[in-house]
Amino acid sequence: MNAIKLEMNNKQTNDIICKSFCLKNIWILFIIILPLSGIIIGFIFRNDCPLEKYIPLWEIINGFITIIFLLLIFITKQFFHEIQYRNWSIFIIDQLKILLIFFLFLWFICGNIWVYKYYRIVKYDKQILLSNKKTIENFYCNKIVYLYAFCYLSRKMVVTYVTGNKNKLVEVQAILADALPNLRSQDLDLPEYQGEPEQITKGKAILAAQRINGPILVEDTSLHFNALHGLPGPYIKWFLDKLGHDGLNKLLAAYDDKTAYAQCVFAFCAGPSHQPITFTGRCPGRIVPARGPNTFGWDPIFQPDNEQGQAGEKTFAEMDKTIKNQISHRSRSLQLVKDYFDKHPEYVS
Ligand SMILES: O=c1nc[nH]c2c1ncn2[C@H]1C[C@H](O)[C@@H](COP(=O)(O)OP(=O)(O)OP(=O)(O)O)O1
Ligand SMILES: [Mg+2]
């Protein structure tokens with residue numbers, strides 16, 4: 001009787017251990033599905049992509065190596081965590097993993113070349129091309145094969161910073177260099193909307209995401225004079241263009257209060273069907289007669305406050321660029337953008 005009870009207890013414990021082991025490791029199944037489907041698709045349609053016959057081969061090899069790599073991670077996690085780290089098998093597995101990463105990296109580059117080379121000309125409909133064998137070889141690839149490879153390679157999305165202003169671009173690249181190394185830029189002529197800065201930037205973001213058809217960053221910069229209740233604000237571009245530095249100073253001639261703040265609203269939009277998210281950064285200061293090189297917008301007439309909130313010494317134009325990039329309206333709003341990307345690593349490959 002006791003023996004039967006003991007056996008049942010053992011069986012129950014085994015069941016529980018097995019269940020928790022299975023649940024704990026179910027992630028491996030989900031991760032393996034993607035490369036596994038690559039092997040299956042590549043194998044089934046191995047002769048169905050005359051446009052680039054290496055694409056099915058790429059999928060098969062990529063699938064195999066990725067699965068081996070994942071299994072090695074799984075094995076080290078599951079079975080080797082208690083063994084001393086000088087153990088030879090761990091050492092060999094680690095070396096193997098490095099080798100596989102290296103291979104996958106090179107293979108990824110090959111895949112990009114083979115797939116993106118044709119993305120403008122690829123045709124999926126064999127029937128239309130059938131009349132001419134040469135056209136099939138030049139244009140046809142099975143839709144599943146091509147789109148699988150295309151989507152697999154494009155999983156990590158590249159963010160495009162859309163602006164028509166080169167000076168802004170230089171600053172954004174300097175500030176975001178380590179946080180978003182794969183930031184691309186594009187010069188698009190976006191409309192200058194009217195309204196509150198946030199709404200203006202959101203409008204720009206929606207349009208840019210539609211035109212780029214992918215994740216984008218845009219920004220709108222405004223300069224607000226406190227004596228004028230925040231004007232010119234987002235219309236500073238036109239005021240600067242028509243009045244110049246001197247004219248902007250004259251706008252405040254009738255007021256004692258020369259204080260102002262520079263504001264930058266960044267918007268990130270993950271794609272055409274997404275809502276933009278905004279990040280606002282401000283830098284307080286005052287409007288002064290122009291000092292320093294006239295290379296970027298209203299930099300010579302804006303003198304940012306120091307840390308104590310009192311008048312600083314230099315205008316943005318007189319400052320070293322690295323100092324401006326530490327305290328500016330742009331760097332403050334980009335700090336919020338960085339925090340956002342820290343939480344969304346899928347945009348930072
Ligand atoms: O840090 C800055 N320091 C000095 N001047 C600046 C700064 N940042 C923008 N600016 C100028 C450029 C433009 O005259 C206006 C903002 O207009 P804003 O629409 O945001 O820029 P934009 O039309 O030149 O480029 P975009 O294609 O990104 O809209 O303030
Ligand atoms: Mg603009």
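Trainee: Is Lys250 buried or exposed?
Mentor: This is a predicted model, and the values are computed from it. A residue counts as exposed over 50% relative accessible area. Lys250 has 56% relative accessibility, so Lys250 is exposed.

Trainee: Which side chain does Lys250 meet in a salt bridge?
Mentor: Look along helix H10, residues 236–251. The partner lies in this helix too, 4 residues from Lys250, about one turn. The N to O distance is 3.1 Å, and the partner is Asp246.

Trainee: How many salt bridges does the structure hold?
Mentor: Side chains of opposite charge can pair when their charged atoms come close. The cut-off here is 4 Å between a Lys or Arg side-chain nitrogen and an Asp or Glu carboxyl oxygen. The salt bridges in the structure number 13.

Trainee: How far apart are the closest N and O atoms of Asp220 and Lys204?
Mentor: These two residues form a salt bridge. The closest N and O atoms are apart by 2.8 Å.

Trainee: Why does the pair of Asp220 and Lys204 tie parts of the chain together?
Mentor: Asp220 belongs to strand S3, residues 216–225. Lys204 belongs to helix H9, residues 197–212. The pair therefore ties together parts whose separation in sequence is 16 residues.

Trainee: Is Lys204 buried or exposed?
Mentor: Its partner Asp220 has 5% relative accessibility and counts as buried. The limit for buried is under 20%. Lys204 has a relative accessible area of 8%, so Lys204 is buried.

Trainee: Which residue forms a salt bridge with Asp299?
Mentor: The closest N and O atoms of this pair are 3.1 Å apart. Asp299 sits in the loop between strands S6 and S7, and its partner in helix H11, 25 residues apart. The partner has 1% relative accessibility and is buried. Asp299, at 5%, is buried as well. The residue is Lys324.

Trainee: Which residues are linked with Asp299 and Lys324 in a network of salt bridges?
Mentor: The pair itself is a salt bridge. The network links both residues to others. Those others are Lys168, Glu171, Glu219, Lys321 and Arg330.

Trainee: How many residues surround ligand 1?
Mentor: The closest are Thr163, Lys168, Lys204, Lys237 and Asp299. Lys204 also pairs with Asp220 in a salt bridge. The residues that surround ligand 1 number 17.

Trainee: How far is a polar side-chain atom of Lys168 from an oxygen atom of ligand 1?
Mentor: Take other polar side-chain atoms beside ligand 1 oxygen atoms too. Asp220 has one at 3.2 Å, and His329 has an N or O atom at 3.1 Å. For Lys168, the distance is 2.7 Å.

Trainee: How much of the accessible area of ligand 1 does the protein cover?
Mentor: On its own, ligand 1 has 590 Å² of accessible area. The space it takes is the second largest pocket. The protein covers 94%.

Trainee: Which element gives the most to the shell around ligand 1?
Mentor: Two elements give two or more residues: S3 and helix H12, residues 329–343. The top contribution is 3 residues, and the element is S3.

Trainee: Which residue does a cis peptide bond join to Leu231?
Mentor: Omega is about 0° at this bond. The residue lies in strand S4, residues 232–233. The residue is Pro232.

Methods:
Residues numbered from 1 in each chain as written. Chains lettered and ligands numbered in written order. Predicted model: local features only at pLDDT ≥ 70, side-chain atom pairs only at ≥ 80, totals over all residues. Heavy atoms only, no water. Buried < 20%, exposed > 50% of the residue type's maximum accessible area, 1.4 Å probe, protein only. Near = heavy atom within 4 Å. Polar contact = N/O pair within 3.5 Å; in protein donor to acceptor, adjacent residues only side chain to side chain. Areas by Shrake-Rupley, 256 points an atom, 1.4 Å probe, with all protein chains shown as cover. 1 Å grid on protein atoms, 1.4 Å probe; cavity = no way out; pocket = protein on both sides within 12 Å on 5 of 7 lines; lining within 4 Å. Sits in = over half its atoms within 2 Å of the grid points.
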